[in-house]
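Here's a quick walk through a two-chain model, with a look at the interface, the charge pairs and a pocket. Have the structure open as you read.

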Amino acid sequence: MLLLRYRGSEGMLAWAFHRISGIAIWLFVLLHVLDIYLAGGNPNVYDDILKFYASTPGRIMEILLGAALLYHGLNGLRIMAMDFWPRLTVYHKQIWYANWIIFVAVGLPGAWLIIKPALGL
Amino acid sequence: MALYSRSGRPKPQSGGFELASWYFMRVSGVALFVLAFAHFSLEHFLFDPSEESATWIFNQRWNSLFWRSFDWLLLMMVVLHAFLGMRTVTMDYLKGGRRTLALATLYLVGVVVFAMGTIVVMSVPLTMPG
Ligand code: HEM
């Protein structure tokens, strides 16, 4: 896969995921400002959109959105830490793996809370 | 020597707008870490989309100057951060006239999104509790 070969290894993947997640969240923000604008302008349409947010496919997409935000936020802190303390760059892979541990530890319970109502729990 | 970067944009050596936006990406990143995760947790963990509606927003969620200010701050940070970020992405892939066109469109959308968000968060009447 081209994506995996260019620049190679963790540093490159960290960058690619950061870029993809940033663009994805940006797209959601465009949609979200539009829907919240409708809450003021056309409440009925807004309520219909919210019904989608509360549906099972909607919840799955919210989990993906939360995952993108969580990855982007954690990796963003990693970038900033290395920018301001360049010596940390030596451990950039270790920090990335630590990010993934936090990602799973925070993300799994979060995903569970979001999907729970769709399972009738 | 902060030239090195393992996945962000390397610190611009030029100064001026480029350096300022490099710093701003980091400052707004820290702000968003608090604002965006608080916002996401509020809508998905403390409340649930099934109990949220336009009426809920008017009577509960936005019946508070604190939360309106909070949401407006989030809007401001996210618009600046995401559009400066998209500017970097655009400039990585496009050159010449296409770049100019894409950037002009991007900034226009940014202004519109900021205006729409600001209008709605400021214009919905505040209904007093009770
Ligand atoms: C949750 C907290 C966040 C943190 C800590 C964070 C941090 C960062 C950092 C450090 C960068 C790199 C900037 C550079 O290379 O100069 C970046 C880029 C970016 N961010 Fe964020 N960010 C956050 C939230 C967001 C949100 C909510 C969005 C979208 C709405 C977003 C969209 C972007 C985009 C599009 C880029 C450019 C990606 C690239 O150049 O490859 N970020 N972020």
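Chain A and chain B bury about 3,600 Å² between them, 75% of it on carbon and sulfur atoms; buried area here is the accessible area (1.4 Å probe) that two parts lose on being put together, summed over both. R19(A), W26(A) and D83(A) supply 17% of what chain A buries against chain B, more than any other three residues. Counting contacts (heavy atoms within 4.5 Å), 45 residues of chain A touch 46 residues of chain B.

A bit of housekeeping: this is a predicted model, so local features need pLDDT of at least 70 and side-chain atom pairs count only at pLDDT 80 or more, while totals for chains, interfaces and linings use all residues. Residues are numbered from 1 along each chain as its sequence is written, chains are lettered from A and ligands numbered from 1 in the order in which they are written, and side-chain values use heavy atoms, with hydrogens and water left out.

Now the charge pairs. A salt bridge means a side-chain nitrogen of Lys or Arg within 4 Å of a carboxyl oxygen of Asp or Glu. The structure holds nine over all chains, and three run between chain A and chain B. Here are some of them:

| Pair | Closest N to O distance |
|---|---|
| R19(A) and D92(B) | 2.7 Å |
| D83(A) and R26(B) | 2.7 Å |
| D48(A) and K51(A) | 3.6 Å |
| E18(B) and R9(B) | 2.5 Å |

Take D83(A) and R26(B), whose side chains form a salt bridge. D83(A) sits in helix α4 of chain A and R26(B) in helix α1 of chain B, so the pair joins two chains; helices are DSSP runs (H or I, at least four residues), numbered from the N terminus. Buried or exposed? D83(A) is buried, at 1% relative accessibility, and R26(B) is buried as well, at 8% (buried is under 20% relative accessible area, exposed over 50%, partly exposed in between; 1.4 Å probe, protein chains only).

K51(A), by contrast, is exposed at 57%. D48(A) and K51(A) are about one helical turn apart because they lie three residues apart in helix α3 (residues 43-54) of chain A. Over in chain B, R9(B), E18(B) and R87(B) are joined into one network by salt bridges that share partners.

Last, H92(A). This residue is in helix α5 of chain A and is buried, with a relative accessible area of 6%. Its C-alpha atom is 8.9 Å from that of I79(A), 13 residues apart along the chain.
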